[in-house]
Amino acid sequence: MENASKKLLANQKSLTHISEFHQLMDEKDIMLVYCGEFSQELNKTLLAFTERKFKSENVEDNTRRKMFNIMVEMLQNISKNKVENTGEDPGISSVFMLGNSSDDYVLISSNMIRNDKIPPLKNRLDEVNSLDKEGLKQLYKDARLNATFSETSGAGIGIIDIARKSEQKLEYNFEEINDTYSVFSLLIKVSK
Amino acid sequence: MKVINIPATEDTPKVVLDHENKIFEISGRSLPEDVVVFYQPVMEWLDNFENTPIPNMELAIKLEYFNTASSKLILDILLKLEEIYQDGTPLKVIWYFLSSDTDMKEAGEEYSEIVGLPFEITEY
């Protein structure tokens, strides 16, 4: 009897969470949230979902294509750069979100990164944010010409491409978890 | 020379390299996670083509989407063709873009600025 009422209470609590979560999604106008394991198979599913949604909402073609391109780079950045599980891995899930504000579409990704990978990534993000359209074009051309294939799996060229398609400054954050790992969050806007 | 005919999938393009029927085409979406593996047969085909070139090949590139890793590989393909062209085999690349797709048009223009071979950019 006691167990049954505990169970009921727990259920009610989780239902409250769901309605709170639902309310939050409505307020922030979130179209898609995925949290968990990322793979190319999953990426394809998320891309197909988004494409259908944008088509049904008659999003302008160029905007839709820019969003698709940015999403591919963000998702593959997560799925290709999984941190190896060494036991010290704090096991924080990766997240991808797609939302809406009055002026922009907003794409957010968040994933674990080894602390030693942060400096080159941060340099690239700051470099990209300091450049105008022409500067980004030149940087993209140079980086692509000089990249080796081990680098294309890194965020180097992807970040430049994202910045070119977004046409807005990239917002990012690194939050240190422990001596080895941090969480890297990236927020990209695309004007409607 | 071997004929290559790879059908398109959700994240990889259709690739036809068929000297018998004179069809040379890469079209669709190129978003594979491992581009090197996907394009391996294409690079091998190009190595053979370099050894036994057939004049006046026209390679049609008609992509809807490509990821940055594919963008690097497309550049490698074009640089290889540039080498073959500059060694004396006439050939041409035709880059197709949808009339509303300005980014794809610009991508073609950027490639044409880098590689030294006949490069046509055409709306469809």
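Visitor: At 35% relative accessibility, what does K122(A) count as?
Guide: First, this is a predicted model: local features need pLDDT of at least 70, side-chain atom pairs count only at pLDDT 80 or more, and totals for chains, interfaces and linings use all residues. Residues are numbered from 1 along each chain as its sequence is written, chains are lettered from A and ligands numbered from 1 in the order in which they are written, and side-chain values use heavy atoms, with hydrogens and water left out. Buried means under 20% relative accessible area, exposed means over 50%, and partly exposed is in between (1.4 Å probe, protein chains only). Because its value is 35%, K122(A) counts as partly exposed.

Visitor: Leaving aside its neighbours within four places in sequence, which residues is K122(A) in contact with?
Guide: Start with where it sits: K122(A) is part of helix α4 (residues 118-130) of chain A. Helices (H or I, at least four residues) and strands (E, at least two) are DSSP runs, numbered from the N terminus. A contact is a pair with heavy atoms within 4.5 Å. With neighbours within four places in sequence set aside, the contacts of K122(A) are Y172(A) and F174(A).

Visitor: And L32(A), what is its relative accessible area?
Guide: L32(A) belongs to strand β1 (residues 30-36) of chain A. Apart from neighbours within four places in sequence, it has contacts that include L46(A), F49(A), M71(A) and F96(A). L32(A) counts as buried because its relative accessible area is 9%.

Visitor: How far apart in space are L32(A) and E127(A)?
Guide: Along the sequence, 95 residues separate L32(A) from E127(A). In space, going from C-alpha to C-alpha, the separation of L32(A) and E127(A) is 30 Å.

Visitor: Let's hop to chain B. In what order do its elements run from the N terminus?
Guide: Chain B has three helices and six strands. Read from the N terminus on, the order in chain B is β-β-β-α-β-α-β-α-β.

Visitor: What is the radius of gyration of chain B?
Guide: That radius is taken over C-alpha atoms, and the globule rule to hold it against is 2.2 Å times the number of residues to the power 0.38. For 124 residues the rule gives 14 Å, and chain B is close to that, so it is as compact as a globular protein of that length. Its C-alpha atoms fill a box of roughly 35 × 25 × 25 Å along the principal axes. The radius of gyration of chain B is 14 Å.

Visitor: What share of the residues of chain B count as buried?
Guide: Let's look at long-range contacts too: among contacts in chain B between residues at least 6 apart in sequence, 67% join residues at least 24 apart. Of the 124 residues of chain B, the buried share is 48%.

Visitor: Where in chain B is D11(B) found?
Guide: D11(B) is buried, since its relative accessible area is 9%. Leaving aside neighbours within four places in sequence, its contacts reach residues of chain A, Q40(A) and K44(A), as well as R29(B), S30(B), L31(B) and P32(B). As for its place in chain B, D11(B) is in the loop between β1 (4-6) and β2 (14-18).

Visitor: Which residues are linked with D11(B) in a network of salt bridges?
Guide: A salt bridge is a side-chain nitrogen of Lys or Arg within 4 Å of a carboxyl oxygen of Asp or Glu. By this rule there are 23 salt bridges over all chains. In the network with D11(B) are E41(A) and K44(A).

Visitor: Which residue meets K66(A) in a salt bridge?
Guide: The N to O distance in this bridge is 3.8 Å. The pair links distant parts of the chain, 101 residues apart: K66(A) lies in helix α3 (residues 61-80), and its partner is in the loop between α7 (156-166) and β4 (171-176) of chain A. K66(A) is buried at 12% relative accessible area, whereas the partner is exposed at 55%. That partner is E167(A).

Visitor: Which residue of chain B meets K137(A) in a salt bridge?
Guide: The N to O distance here is 3.7 Å. K137(A) lies in helix α5 (residues 133-146) of chain A and its partner in helix α3 (residues 102-114) of chain B, so the pair joins two chains. The partner counts as partly exposed, at 46% relative accessibility. Its name is E113(B).

Visitor: How many residues apart in sequence are the parts tied together by E58(B) and K92(B)?
Guide: The side chains of E58(B) and K92(B) meet in a salt bridge of 3.9 Å, N to O. E58(B) is partly exposed at 43%, and K92(B) is partly exposed at 25%. E58(B) lies in strand β4 (residues 57-66) and K92(B) in strand β5 (residues 91-97), so the pair ties together parts whose separation in sequence is 34 residues.
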